[in-house]
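This report looks at the contact between two chains and at how the copies are related.

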There are 2 protein chains.
Amino acid sequence: MKIKKVSIIGAGNVASNLALALFNSDIEIVNIYARKIDKAKNIARQVGAIGMDDLKLINPNIDLLIIAVKDDVIEALQAEILCSIPIVHTSGSIPLSVFSRKEKYGILYPLQTFTKGKIIDMQKVPFLIETNAIDFEKELVVFVNENLSHQVKVANSDIRGQIHLAAVFANNFTTELMVIAKELLLKEQIDLDILKPLMLETIDKSFSLGPEAALTGPAIRNDQMIMQHHLNKIGEDQQLVELYKIMSTLIQRNIKT
Amino acid sequence: MKIKKVSIIGAGNVASNLALALFNSDIEIVNIYARKIDKAKNIARQVGAIGMDDLKLINPNIDLLIIAVKDDVIEALQAEILCSIPIVHTSGSIPLSVFSRKEKYGILYPLQTFTKGKIIDMQKVPFLIETNAIDFEKELVVFVNENLSHQVKVANSDIRGQIHLAAVFANNFTTELMVIAKELLLKEQIDLDILKPLMLETIDKSFSLGPEAALTGPAIRNDQMIMQHHLNKIGEDQQLVELYKIMSTLIQRNIKT
């Protein structure tokens with residue numbers, strides 16, 4: 001069976017990006033549900049669907065229901081959906097077992113960050129898929145491949161969890177490092193933008209040559225004088241001192257002896 | 001006085017990028033010095049200069065000598081240069097005082113990472129300038145502005161030191177986070193490339209909307225269950241556990257109460 005008729009629960013950044021991408025790929029979007037009817041109708045209008053704020057009104061005659069809402073409301077929402085409707089959620093963290101009373105269920109996890117008002121090119125998004133049944137898995141792989149992105153990967157919860165953990169290190173922690181850099185620069189009235197060319201080049205180099213090849217700075221050179229100077233400079237903020245020390249230790253694990 | 005005739009000490013990534021950019025901007029490059037004559041001659045040939053491995057042979061009739069070598073050899077090299085030659089180094093860490101016996105001296109620090117064999121677009125590189133004399137400062141600003149990059153900033157050692165510290169956090173530590181992510185993914189035979197679209201989007205968002213707006217993940221949501229799950233998963237590596245905890249604490253300083 002081929003997935004052609006889809007409904008979406010949610011009207012946030014993930015839901016709206018998925019709705020637009022599927023609509024542009026000639027998938028029929030039947031219903032968009034959101035707690036706030038205005039938000040549901042707003043997206044529904046753009047994709048020729050019917051917006052609603054009542055789960056009971058969702059048309060059961062569809063091939064797939066996508067729950068694209070915050071992690072902590074998935075459990076409550078899915079309990080109100082008919083068991084016979086094939087269903088997926090889009091979370092990297094919530095396990096497959098949240099759907100254990102359904103017949104056909106799975107996870108369709110887009111490994112990307114979505115921003116309000118910004119349309120993401122879905123072809124550049126890796127999708128991780130897990131399901132409760134091999135035939136449904138095949139249907140979902142074809143569905144993503146034909147309508148969203150060629151970067152589809154079947155990944156069980158262990159693998160998805162490991163990718164999520166790696167993403168937290170590479171992505172969430174990097175973002176926080178930029179918050180810290182911004183605050184350090186603000187002390188001298190300098191804008192974070194001064195670091196943009198350096199960061200773009202380093203990210204590019206890390207992906208083309210590998211991050212080990214892009215490692216520079218005092219820790220990898222074991223330049224104790226500069227490191228001590230830095231520690232003195234941030235001395236009033238004990239948590240930053242601790243971060244500086246542990247990061248330097250981790251960087252030095254890369255030094256070949 | 002306008003800087004027109006330049007010599008360069010060094011044949012590494014910074015030296016060769018500067019040499020090519022200046023040559024393409026019609027600056028006359030007189031000498032290229034390197035300890036290894038082959039490396040000096042290789043760059044010299046590309047920019048119409050004379051390559052050499054003997055500092056005594058450097059033509060003193062120039063407007064600027066640029067020392068673009070590793071931090072730890074700047075001191076020894078500069079001691080062998082005539083005091084009357086205007087001189088700068090390109091290091092973010094070495095203080096101006098390394099040149100205190102010269103007449104006109106300064107720092108010309110390109111805030112970028114340079115890779116062997118890769119030509120960097122100098123127009124996208126911010127240059128930080130510090131000198132011992134206001135007239136020389138003006139000459140250097142004009143020199144960079146006309147021949148290298150419009151992003152020139154006069155910055156004393158305190159400011160340059162603070163920018164260097166911010167760059168260590170944003171750049172060196174981010175690179176190490178990508179090394180860690182690569183290792184975490186390798187445990188499941190997954191390539192780091194799977195995180196590329198996510199990281200590029202986050203970096204883009206951090207610079208366009210500010211890094212605080214790009215913060216996602218379990219720490220900023222204070223999702224204790226996922227964080228504990230992650231800590232269990234990396235439990236065998238105590239340094240990673242420590243990093244995860246301190247980064248989560250720092251991220252949570254951004255939560256508005």
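Chain A and chain B share 28 residue pairs in polar contact, both residues at pLDDT 80 or more. A polar contact is a pair of N or O atoms within 3.5 Å; within protein, one must be able to donate a hydrogen and the other to accept it, and residues adjacent in sequence count only if both atoms are side-chain atoms. This is a predicted model: local features need pLDDT of at least 70, side-chain atom pairs count only at pLDDT 80 or more, and totals for chains, interfaces and linings use all residues. Side-chain values use heavy atoms, without hydrogens and water.

Helices H5 (157–186), H6 (196–209), H7 (211–214), H8 (224–233) and H9 (238–252) of chain A each give two or more residues to the side that touches chain B. Helices are DSSP runs (H or I, at least four residues), numbered from the N terminus. H5(A) supplies the largest share, 26 residues. The make-up of that side of chain A is as follows.

| Class | Residues of chain A |
|---|---|
| Nonpolar | 45 residues |
| Polar | 21 residues |
| Charged | 20 residues |

Ten salt bridges also link the chains (a side-chain nitrogen of Lys or Arg within 4 Å of a carboxyl oxygen of Asp or Glu). Asp237(B) pairs with Arg253(A) in a salt bridge, with the closest N and O atoms 3.0 Å apart.

A turn of 180 degrees and a shift of 0.0 Å along the axis lay chain A on chain B with an RMSD of 0.0 Å (least squares on C-alpha atoms of residues with pLDDT of at least 70 in both). That is the relation of a two-fold axis. In chain A, the C-alpha of Thr174(A) is nearest the axis, 2.7 Å from it.

Definitions and conventions:
Residues are numbered from 1 along each chain as its sequence is written. Chains are lettered from A and ligands numbered from 1 in the order in which they are written. Ala, Val, Leu, Ile, Met, Phe, Trp, Tyr, Cys and Pro count as nonpolar, Asp, Glu, Lys and Arg as charged, and the others, Gly among them, as polar.
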